Amino acid sequence: MNELPPILRDQRKVDANHLNLLAIFHFISAGFALLGMLFLLAHFAIFHAVFSHPEIFNDPKLSPDGRHGPNPAEIFAVFKWFYLVIGTWILCSGILNLISGFYLRARKHWTFSVVVAVFNCFYMPIGTVLGVFTIIVLVRDSVRELYDA
């Protein structure tokens, strides 16, 4: 019986392909962040439209016992902080992923890409997968050699 010789693979090509794929996935993640910002803006617009008309909440049919809930302006003030925090988080994530995608393609700033990968791990489940795979690829010795060259 003839056994075939093992297939030799060039690790540099494999690493280059993995880094290119990771760059593409970082660009896609930045696109998802843009979609998230658009959703957040739409959510803000809807809530602003609802809570800027407090007469809707004073309908006696909605509260037959005459009690009224909290002031809608106070509720919306809390939501404004929510929008600010979540919007800042999404915006930072999108910008960092975009920059990291460019750095992965250029094989520069290894530490920055690792930090962004750790940051991505907080986004369940897609960001976690992207972050873990980015870390796995970037900590390879052969990839470190690509960055050093």
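Of the 149 residues in the protein chain, 26% are buried. I should say at once that this is a predicted model, so please read everything that follows as a description of a prediction.

Let me go through the chain as a whole. The protein chain has 5 helices and 0 strands. Along the sequence, that reads α-α-α-α-α. Now take the contacts between residues at least 6 apart in sequence: 68% of them join residues at least 24 apart.

Next, the helix pairs. I will start with H1 and H2. Their axes come within 8 Å and cross at roughly 165°. Angles over 145 degrees count as roughly antiparallel, and that makes H1 roughly antiparallel to H2. The crossing of these two helices is left-handed. Sorted by class, the contact of H1 with H2 has 23 nonpolar, 10 polar and 1 charged residues.

The second pair is H1 and H4. Here the axes are 11 Å apart, and the packing angle is about 155°. H1 and H4 are therefore roughly antiparallel to each other. H1 passes H4 in a left-handed crossing. Which residues of H1 and H4 make the contact? From H1 they are His-18, Leu-19, Leu-22, Phe-25, His-26 and Ser-29. From H4 they are Leu-130, Phe-133, Thr-134, Val-137 and Leu-138. By class, the contact of H1 with H4 holds 7 nonpolar, 4 polar and no charged residues.

Now the core. In soluble globular proteins, nonpolar side chains tend to be buried together. In this model, the largest nonpolar core has 11 residues, among them Leu-19, Leu-22, Ala-23, Trp-110 and Tyr-147. Four helices each supply at least two residues of this core: H1 (11-51), H3 (110-120), H4 (126-138) and H5 (141-148). Leu-104 also belongs to the core. Leaving aside neighbours within four places in sequence, Ala-23 is in contact with Leu-104, and also with Gly-101 and Arg-105.

On to H3. Its buried residues are Trp-110, Ser-113, Val-114, Val-116, Ala-117, Phe-119 and Asn-120. They pack against H1, H2 (72-106), H4 and H5.

I will finish with three single residues. The first is Asn-120, in helix H3. Is Asn-120 buried or exposed? Its relative accessible area is 1% and the cut-off for buried is under 20%, so Asn-120 is buried. Leaving aside neighbours within four places in sequence, Asn-120 is in contact with His-26, Ser-93, Asn-97, Gly-127, Thr-128, Leu-130 and Gly-131.

The second is Asp-15, which sits in helix H1. At 1% relative accessibility, Asp-15 counts as buried. Again setting aside neighbours within four places in sequence, Asp-15 is in contact with Arg-140, Ser-142, Val-143 and Leu-146. Of these, Val-143 is also one of the core residues.

The third is Val-132, in helix H4. Its relative accessible area is 37%, so Val-132 is partly exposed. How far apart in space are Val-132 and Cys-121? The C-alpha to C-alpha distance is 6.9 Å, while in sequence Val-132 and Cys-121 are 11 residues apart.

Notes: Residues are numbered from 1 along each chain as its sequence is written. This is a predicted model: local features need pLDDT of at least 70, side-chain atom pairs count only at pLDDT 80 or more; totals for chains, interfaces and linings use all residues. Side-chain values use heavy atoms; hydrogens and water are left out. A nonpolar core is a set of buried Ala, Val, Leu, Ile, Met, Phe, Trp, Tyr and Cys residues joined through side-chain atoms within 4.5 Å. Buried means under 20% relative accessible area, exposed over 50%, partly exposed in between (1.4 Å probe, protein chains only). Contact means heavy atoms within 4.5 Å. Axes are lines fitted to C-alpha atoms, for helices over the stretch in contact, and angles run from 0 to 180 degrees between N-to-C directions. Angles under 35 degrees count as roughly parallel, over 145 as roughly antiparallel, 65 to 115 as roughly perpendicular and the rest as oblique. A crossing is left-handed if the near helix is turned anticlockwise from the far one by less than a right angle, and right-handed if clockwise. Ala, Val, Leu, Ile, Met, Phe, Trp, Tyr, Cys and Pro count as nonpolar, Asp, Glu, Lys and Arg as charged, and the others, Gly among them, as polar.
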